[in-house]
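Here is a short tour of one protein model, written for someone who likes cut-offs spelled out. Have a look at the structure, then read on.

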Amino acid sequence: MIHDEQNFQQQSSQIQADDVDARLSKTAAVVVVLMGVCGCGKTTIGKLLAKHHGFAFADGDDFHPVSNRNKMEEGNPLTDDDRFPWLKNLTNQMKTWLEADINGVIACSSLKKKYREILSSAIKENVVFVHLQASQEVILERVKARRQHFMPTTLVQSQFEILEPPDPTNEACLSVSASLSTGRAYAFVIPRLSSHKQHRHLF
């Protein structure tokens with residue numbers, strides 16, 4: 001399994017690497033968005049990443065209006081109209097960080113391309129998405145095991161149905177397999193970002 005995981009990490013395209021390189025080499029602040037379906041480890045890995053680099057951290061779940069949280073608790077998937085106010089709140093947080101020259105990490109599902117376009121529109125070239133990928137079976141087991149979280153297992157399938165994985169040919173993104181534990185997935189995220197240390201003091 002670990003050997004397969006290492007092979008997965010080595011398969012990112014040069015186009016992808018070059019684009020991320022360019023963004024991390026800028027002198028302005030940067031926001032790293034940990035994205036993916038529920039249960040992929042966004043919050044856990046995001047907090048570890050922020051702590052490791054001394055970045056600010058925000059959990060996308062905290063930016064949902066009460067109506068969204070209530071809807072999900074009842075087992076109803078959110079619509080685009082439900083998500084737009086939430087994405088606006090997150091975008092404002094990202095803008096606030098960058099205006100203050102603060103580097104940040106956000107855990108946010110960012111399932112559709114248009115959601116990522118909204119998040120990146122206000123901060124242009126200062127965002128990098130890290131897609132945490134895992135199978136539906138793995139995610140379902142993780143969500144079942146979670147306690148005190150508003151997302152029910154019945155919504156896992158709906159998240160996979162609308163997921164549009166980022167395209168490295170036109171989006172600044174890194175893809176990391178999260179099929180193993182969040183700790184192991186995090187161990188792959190750090191070197192992927194840290195490999196750009198020669199370009200940027202942040203990593």
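In which loop is the place of Glu125? Glu125 lies in the loop between H6 and strand S4 (127–133). Helices (H or I, at least four residues) and strands (E, at least two) are DSSP runs, numbered from the N terminus.

Before going further, note that this is a predicted model, in which local features need pLDDT of at least 70 and side-chain atom pairs count only at pLDDT 80 or more, while totals for chains, interfaces and linings use all residues. Residues are numbered from 1 along each chain as its sequence is written, and side-chain values use heavy atoms, with hydrogens and water left out.

**The chain as a whole**

The protein chain has nine helices and five strands, and along the sequence they follow the pattern α-α-β-α-β-α-α-β-α-β-α-α-β-α. Of its 203 residues, 48% are buried (under 20% relative accessible area, with exposed over 50% and partly exposed in between; 1.4 Å probe, protein chains only). Taking contacts (heavy atoms within 4.5 Å) between residues at least 6 apart in sequence, 79% join residues at least 24 apart.

**Two loop residues**

The loops on either side of H6 each offer a residue to look at.

| Residue | Loop | Relative accessible area |
|---|---|---|
| Lys112 | between strand S3 (104–107) and H6 | 16%, buried |
| Glu125 | between H6 and strand S4 (127–133) | 36%, partly exposed |

Leaving aside neighbours within four places in sequence, Lys112 is in contact with Asp80, Ile162 and Glu164. Glu125 and Val30 are 95 residues apart in sequence, yet their C-alpha atoms are 8.5 Å apart in space.

**H5 against H6**

Two packed helices are described by the angle between their axes and the distance between the axes. Helix H5 (residues 80–99) and helix H6 (residues 113–121) pack at an angle of about 30°, with their axes 8 Å apart. Axes here are lines fitted to C-alpha atoms over the stretch in contact, and angles run from 0 to 180 degrees between N-to-C directions. H5 and H6 are therefore roughly parallel to each other (an angle under 35 degrees).

On the H5 side, the contact is made by Asp80, Arg83, Phe84, Leu87, Leu90, Thr91 and Met94; H6 contributes Lys114, Tyr115, Ile118 and Leu119. These residues divide into seven nonpolar, one polar and three charged (Ala, Val, Leu, Ile, Met, Phe, Trp, Tyr, Cys and Pro count as nonpolar, Asp, Glu, Lys and Arg as charged, and the others, Gly among them, as polar). Asp80 thus appears twice here: in this helix contact and in the contacts of Lys112.

How values were computed. Angles under 35 degrees count as roughly parallel, over 145 as roughly antiparallel, 65 to 115 as roughly perpendicular and the rest as oblique.
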